[in-house]
Amino acid sequence: MSHAAPDLQTIVTEIAEEMAQRPDRGEVASYIPELANVDPNQFALVVVDADGNIAAGGDADVRFSIQSISKVFTLTLALGMVGDRLWKHVGREPSGNPFNSIVQLERERGVPRNPFINAGAIAVTDVILSGHQPREAIGEILRFMQFLSGDSSIVIDETVATSEKRTGFRNTALANYMKSFGVITNPVDFTLGVYFHHCAIAMSCRQLAMATRFLAYSGRNPSTGLSVVSSERARRINALMLTCGHYDGSGEFAYRVGLPGKSGVGGGIIAVAPGKASIAVWAPGLDHHGNSHLGRIALEELTRRLGWSIFGT
């Protein structure tokens, strides 16, 4: 991979420097003990353009817990396994509620509203697990991330996974509730074990931006020509990212950034500028929706300066 064109690199560097100076950094996630220890002063922004050029700013090679960003990739895997049968287990509508809410599950007979809230991602994980041992399913998800990013060094942070399991009472409640309606078919402990592990994958912004490229280019890696998913499926995954990728802050993200994206409580966000670039940003401090505070501001600045909103320049 070569370095990005000067204009793009200059913009990324400027944004990284601006974010480093801001005092409003949000609050790191504290309900997962290992995430509470992360330094909130870190920031990274990486953009990979259509030619594979990389513009990187800040802590671009520091690995962090991708958390719910992994849900984009488990959704992709599950669709590859069972196709549209997946939608019997999970819906496609925005939730309008916090990511770990149980309220809608009670009203909708255990079927989660979309694949990106916790309940929905647990249901998707259950589909991937079916017919496998937990260790096999975890390995398949990890290998998929390594394949997409072209980096076999990507690993799961076992300390974070253990921390999540030890404190994941709300997720356990969600999974058991879905189990009572038959939405979860595997043993709850097995499904949650796989879920906690894929959320604990550790990646840098550089690796995440590379892994997301297929969604920016109609399901294909433009550097290798390899197809990951069909163009129709890539378009639909992007649609779900736009409408549901930031929980009850998804409308605000679409309004301000104007790109499909997915956040994680580790402070990362991936975003897709179709036909132009894949993007990853990381700032550990979160806003009240559980999305990266400075990450969203940085992406808003990036799309404003480059005119990359899908809604027009």
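**Two sheets and a stacked pair**

Modeller: Both Phe-64 and Trp-282 are buried. Keep in mind that this is a predicted model.

Biologist: How are the rings of Phe-64 and Trp-282 arranged: stacked or edge-to-face?

Modeller: The whole structure holds 3 aromatic pairs. For Phe-64 and Trp-282, the ring centres are 4.7 Å apart. Planes under 30 degrees apart count as stacked. The planes here meet at 5°, so the pair is stacked.

Biologist: How many residues separate Phe-64 from Trp-282 along the chain?

Modeller: Phe-64 belongs to strand 3. Trp-282 belongs to strand 8, residues 277–282. The pair links distant parts of the chain, and the separation is 218 residues.

Biologist: Which strands stand at the edges of the open sheet of 3 strands?

Modeller: The order in that sheet is 3-5-4, and the pairing is antiparallel. An edge strand here has a single partner strand, so one of its sides has no neighbour in the sheet. That describes strand 3 (64–65) and strand 4 (155–156).

Biologist: Which residue of strand 5 stands opposite Ser-65?

Modeller: Strand 5 covers residues 201–203. It runs antiparallel to strand 3, and 2 bridges join them. Opposite Ser-65 stands Ala-202.

Biologist: Which helix lies across strand 4 and strand 5?

Modeller: Look at residues 134–149. They run at about 15° to strand 5. They form helix 5.

Biologist: Where is Gln-67, and is Gln-67 buried or exposed?

Modeller: Gln-67 sits in the loop between strand 3 and helix 2 (70–82). Gln-67 is not a glycine, yet its phi is positive, about 50°. Buried means under 20% relative accessible area. With 3% relative accessibility, Gln-67 is therefore buried.

Biologist: Which residues does Glu-164 contact, leaving aside neighbours within four places in sequence?

Modeller: Glu-164 is part of helix 6, residues 158–167. Its relative accessibility is 6%, so Glu-164 counts as buried. Phe-196 is 32 residues away in sequence, but the C-alpha atoms are 6.3 Å apart. The contacts are Ile-32, Gln-67, Phe-196, Cys-199 and Ala-200.

Biologist: Now the other sheet. Which strands stand at the edges of the open sheet of 5 strands?

Modeller: The strand order is 2-1-8-7-6, with antiparallel pairing. Two strands have a single partner each, so each has one side left without a neighbour in the sheet. They are strand 2 and strand 6 (261–263).

Biologist: Which residue of the hairpin of strand 1 and strand 2 takes a positive phi?

Modeller: Strand 1 (residues 44–49) and strand 2 (residues 54–58) run antiparallel, joined by 5 bridges. Val-46 stands opposite Ala-56. The hairpin has 4 residues between the strands. A positive phi near 85° is taken by Gly-52.

Biologist: Which residue of strand 8 stands opposite Ile-269?

Modeller: Strand 7 covers residues 268–273. It runs antiparallel to strand 8, with 6 bridges between them. Ile-269 faces Val-281.

Biologist: Which strands does helix 13 touch?

Modeller: Helix 13 packs on this sheet. Its direction makes about 145° with that of strand 8. The strands touched are strand 1, strand 7 and strand 8.

Biologist: Is Arg-296 buried or exposed?

Modeller: Arg-296 lies in helix 13, residues 293–306. Residues up to four places away aside, Arg-296 touches Phe-253, Arg-256, Val-257 and Ile-269. The limit for buried is under 20%. Relative accessibility here is 19%, so Arg-296 is buried.

Biologist: How do helix 4 and helix 8 lie to each other: roughly parallel or roughly perpendicular?

Modeller: The axes of helix 4 (residues 118–129) and helix 8 (residues 188–199) come within 9 Å. They cross at roughly 110°. Angles from 65 to 115 degrees count as roughly perpendicular. Helix 4 and helix 8 are therefore roughly perpendicular.

Biologist: Which residue lies over the face of Trp-87?

Modeller: Look 5.0 Å from the ring centre of Trp-87. The residue over that face is Arg-92.

Key: Residues numbered from 1 in each chain as written. Predicted model: local features only at pLDDT ≥ 70, side-chain atom pairs only at ≥ 80, totals over all residues. Heavy atoms only, no water. Pairing = 2+ DSSP bridges. Contact = heavy atoms within 4.5 Å. Axes fitted to C-alpha atoms, helices over the stretch in contact; angles between N-to-C directions. Buried < 20%, exposed > 50% of the residue type's maximum accessible area, 1.4 Å probe, protein only. Phe/Tyr/Trp six-rings, centres within 6.5 Å; stacked < 30°, edge-to-face > 60°. Lys NZ or Arg CZ within 6 Å of the ring centre and 35° of its normal. Parallel < 35°, antiparallel > 145°, perpendicular 65-115°, else oblique.
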